[in-house]
Amino acid sequence: TLAPPHPRVCKPSVVNAVVMLRACKLDLVRHCHGVKAGDGRELACLAAHESELSPRCRMARKVTEPVR
């Protein structure tokens, strides 16, 4: 597993997005496998499947919500 980028190198919103996407990786595969990345499509897909997401992904989405 790769460590998250150092906060001094990336903006906080980028770090939060990386953390959230790592936490939601399996959920993206499970629920959004046909969704093309970019323009917020993956985030929209996760939001559409909110009730089906893993607890880890739901928590990561909740923590990063202010930056999205």
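In the predicted model, Asp 39 is located in the loop that runs between α2 and α3. The backbone of Asp 39 adopts a positive phi of about 55°, although the residue is not a glycine. Asp 39 counts as exposed because its relative accessibility is 76%, above the limit of 50%.

The two helices on either side of this loop, α2 and α3, pack with their axes 10 Å apart and at an angle of about 80°. This angle makes α2 roughly perpendicular to α3. On the α2 side, the residues that meet α3 are Asp 27, Leu 28, His 31 and Cys 32; their counterparts in α3 are Glu 42, Cys 45 and Leu 46.

Helices α2 and α3 are also joined covalently. A disulfide connects Cys 32 with Cys 45, with an S to S distance of 2.0 Å. The pair links distant parts of the chain, Cys 32 belonging to helix α2 and Cys 45 to helix α3 (residues 41-48), 13 residues apart. The torsion about the S-S bond is -100°, and the link of Cys 32 and Cys 45 is left-handed. Both of these cysteines are buried. When neighbours within four places in sequence are left aside, the contacts of Cys 32 are Asp 27, Cys 45, Leu 46 and His 49.

The search of the whole structure finds two disulfides. Besides the link between α2 and α3, a disulfide joins Cys 24 to Cys 57, again with 2.0 Å from S to S. Here too distant parts of the chain are linked: Cys 24 lies in the loop between α1 (12-23) and α2 (25-32), whereas Cys 57 lies in helix α4 (residues 55-64), 33 residues apart. The torsion about the S-S bond of Cys 24 and Cys 57 is about 100°, and this disulfide is therefore right-handed. Cys 24 counts as buried because its relative accessibility is 0%, and Cys 57 is likewise buried, with a relative accessible area of 0%. With bonded cysteines counted along the chain, the disulfides of the protein follow the pattern 1-4, 2-3.

The cysteines of both disulfides take part in the largest nonpolar core, which has ten residues: Met 20, Ala 23, Cys 24, Leu 28, Cys 32, Cys 45, Leu 46, Leu 53, Cys 57 and Ala 60. Two or more residues of this core come from each of the elements α1, α2, α3 and α4.

A charged residue of helix α2, Asp 27, is also withdrawn from the surface. Asp 27 counts as buried because its relative accessibility is 1%. Apart from neighbours within four places in sequence, Asp 27 is in contact with Cys 32, Leu 46, Glu 52, Leu 53, Ser 54 and Cys 57. Among these partners, Cys 32, Leu 46, Leu 53 and Cys 57 also belong to the largest nonpolar core.

Helix α4 has a buried side and an exposed side. Its buried residues are Cys 57, Ala 60, Arg 61 and Thr 64. Viewed down the axis of α4, these residues fall within an arc of 100° and so line one face of the helix. An α-helix has 3.6 residues a turn, so residues three or four places apart point the same way. On the other side of α4, the exposed residues are Pro 55, Lys 62 and Val 63.

Technical notes: Residues are numbered from 1 along each chain as its sequence is written. This is a predicted model: local features need pLDDT of at least 70, side-chain atom pairs count only at pLDDT 80 or more; totals for chains, interfaces and linings use all residues. Side-chain values use heavy atoms; hydrogens and water are left out. A disulfide is a pair of cysteine sulfur atoms within 2.5 Å. Helices (H or I, at least four residues) and strands (E, at least two) are DSSP runs, numbered from the N terminus. Buried means under 20% relative accessible area, exposed over 50%, partly exposed in between (1.4 Å probe, protein chains only). A nonpolar core is a set of buried Ala, Val, Leu, Ile, Met, Phe, Trp, Tyr and Cys residues joined through side-chain atoms within 4.5 Å. Contact means heavy atoms within 4.5 Å. The arc is that of the directions from the helix axis to the C-beta atoms. Axes are lines fitted to C-alpha atoms, for helices over the stretch in contact, and angles run from 0 to 180 degrees between N-to-C directions. Angles under 35 degrees count as roughly parallel, over 145 as roughly antiparallel, 65 to 115 as roughly perpendicular and the rest as oblique.
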